[in-house]
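Me: I am new to this structure. Can you walk me through how to read its features?

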Amino acid sequence: MIWSKIRQLLLIALIGLSLFLSFQIWTTGVQLREPSSGGGSTVPASLVDRSLVEVFSPKKIIWHRNELDRKLDINTFYTVDWFEEYLSETTFGEVQSPQRLSFSAYQEYLNEESWIEFIFDAPVPFGIFENGFSDLPTDYENRTFTHVLMNKENPELAGFYDSHNEFLYQIDGTEYTEEILDELLYSQDNIMTDVEAFQVNERFIYLPVEEQEVEYRDYLVERLPNNLFVLQFFSDTSDIDARRTGNTTRYIDLTTELRINDSTNTLMYLRQRSDMGQMTFSERLLSSYQTLTQIENWTEHVHYQGYVPETQEVTYQRYIQGYPIYSYQQYESMIEVTVVESGLTSLEVPIRVVQTPLTLTGERTKTLPSGTEIMAQLEEAGTMENIEDIRIGLTWTESEEDERVVHFEPDWYVETQDNWIEVSRFIESQEASLNGF
């Protein structure tokens, strides 16, 4: 009996020690998972597979059913499989020389026939999808487009439109067929919404004509351990100088600094590189995408959001179920990447990620005003000149009951000066500015 009890106590002690060591491995700095001092290859920090097609897919798909005088918004969350199957395998044919076409003339062009329009958040170079074209000229690799057109009745008619430079590139023949387009439009999972085109500052924004019922979402979130990133960015941890200042831990060697802020739950990476080299736009986006696949652990979709030529910074946006995620200072929702020919120079990425969806008590959906109502509110407030885009997003809200839980509340957002802000808060800020506060 005595030996039996001793064995039970030893077993309990060993289990407790195992749990303690596992916890330490995932939560401490570099002490428990250092590679050998001899260096070696870095360890990828991302455990999530993320395809090029997912990241560079369009933000909106609009079906212009002009014969019925309808425009339908197709929820892009349910179209990823279609893009994965056809965008990488089916060619568009040969890209023709561009022709000048103003944005208003382009909109009239859309109204002439039944078109499926794919709209992107930011300019995309042809070189990103080079294999999707027949004999793409070398000098076209860095030319960009913001819209793709496919004719529903005659899929051989297609085009790429650059709204920034007002160029239309028509396509000479495609491998797309009516049957392929029907798979996109008539999928049983497809969700379509009637929309209306509103002209806002020389661009057209498609907004729903009816009120929208959008689900609240709740998730258990996880804060990723420092070690996961230390091992990614330092091949030899014996040279690291680790310092703690306030809420920030800094890992530094001769060329690299990694900062992890426990207050904002963000990681910032900085690397000195003497060889900046020359990169094409396509090469820069592809290189930033490779960084994203190695470091971003967001379990839902992430999409290309923008590019700043002056700083060469590429931004990516986190999504949940087809809706972009926003927060007060965007610490939880944006990834910023800057690369040069010799490698990554700077990175900022959130280190908290959603894990398990939860079903909590309370309201499950929120009724949002129609696009017409939102436009009326903005016009009444006299704020239209500062607006770049309008969309529905989900607001990251910390739970007051449990720090491991995050609520995502649907709301209308506007983009102004490259920042996203709730419509209500935007109107309040504009009124305060007009009143001198």
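Reply: What follows is a short tour of charges, burial and backbone angles. One point before we start: this is a predicted model.

Me: Which residues gather in a patch of negative charge on the surface?

Reply: Look for acidic side chains that sit together. Here the patch holds D81, E84, E85, E89, E179, E183 and D189.

Me: Which helices each supply at least two residues of the negative patch?

Reply: They are α3, residues 80–86, and α5, residues 178–185. The largest share, three residues, comes from α3. One residue to find in helix α3 is E84.

Me: Is E84 buried, partly exposed or exposed?

Reply: Use the relative accessible area. Under 20% is buried, over 50% is exposed, and partly exposed lies in between. E84 has 30% relative accessibility, so E84 counts as partly exposed.

Me: Now opposite charges. How many salt bridges does the structure hold?

Reply: The structure holds 23 salt bridges. To read one, find the two partners, then the N and O atoms. Take R250 and E257: their closest N and O atoms are 2.8 Å apart.

Me: How covered are these two partners, R250 and E257?

Reply: Read each partner separately. R250 has 25% relative accessibility, so R250 is partly exposed. E257 has 14%, so E257 is buried.

Me: Which residue forms a salt bridge with R352?

Reply: R352 pairs with E398, and the closest N and O atoms are 2.6 Å apart. Next, ask where the partners lie. R352 is in strand β22, residues 352–358, and E398 is in strand β24, residues 389–398, so the pair ties together parts that are 46 residues apart in sequence.

Me: Is R352 buried or exposed?

Reply: R352 is buried, because its relative accessible area is 10%. Its partner E398 has 35% relative accessibility, so E398 counts as partly exposed.

Me: What about D402 and R404?

Reply: Their side chains meet in a salt bridge, 2.9 Å from N to O. D402 is partly exposed, because its relative accessible area is 23%.

Me: Which residues do salt bridges that share partners join into one network?

Reply: Follow the shared partners from one bridge to another. K59, D121, D389 and R391 are joined in this way into one network.

Me: Let us turn to a single residue. Where is S370?

Reply: Start with the elements on either side. S370 lies in the loop between β23, residues 365–368, and α8, residues 371–380. Then check cover. The relative accessible area of S370 is 5%, so S370 is buried.

Me: Which residues is S370 in contact with, leaving aside its neighbours within four places in sequence?

Reply: Set those sequence neighbours aside and list what remains. S370 is in contact with P208, V209, E210, E211 and W412.

Me: Last topic, the backbone. What is phi of E166?

Reply: Check the sign, then the residue type. Phi of E166 is near 60 degrees, a positive value in a residue other than glycine. E166 sits in the loop between β7, residues 158–162, and β8, residues 167–172. E166 is partly exposed, because its relative accessible area is 31%.

Me: And what is phi of N265?

Reply: Phi of N265 is near 55 degrees, again a positive value in a residue other than glycine. The place of N265 is the loop between β15, residues 256–261, and β16, residues 266–271. N265 has a relative accessible area of 12%, so N265 is buried.

How values were computed
Residues are numbered from 1 along each chain as its sequence is written. This is a predicted model: local features need pLDDT of at least 70, side-chain atom pairs count only at pLDDT 80 or more; totals for chains, interfaces and linings use all residues. Side-chain values use heavy atoms; hydrogens and water are left out. Patches are made of residues with over 30% relative accessible area and no salt bridge: like charges are joined within 9 Å, nonpolar side chains (Val, Leu, Ile, Met, Phe, Trp, Tyr) within 5 Å. Accessible areas come from the Shrake-Rupley method with a 1.4 Å probe; for residues, only the protein chains shown count as cover. A salt bridge is a side-chain nitrogen of Lys or Arg within 4 Å of a carboxyl oxygen of Asp or Glu. Lys and Arg count as positive and Asp and Glu as negative; His and the chain ends are not counted. The place of a charge is taken as NZ of Lys, CZ of Arg, CG of Asp or CD of Glu. Helices (H or I, at least four residues) and strands (E, at least two) are DSSP runs, numbered from the N terminus. Buried means under 20% relative accessible area, exposed over 50%, partly exposed in between (1.4 Å probe, protein chains only). Contact means heavy atoms within 4.5 Å.
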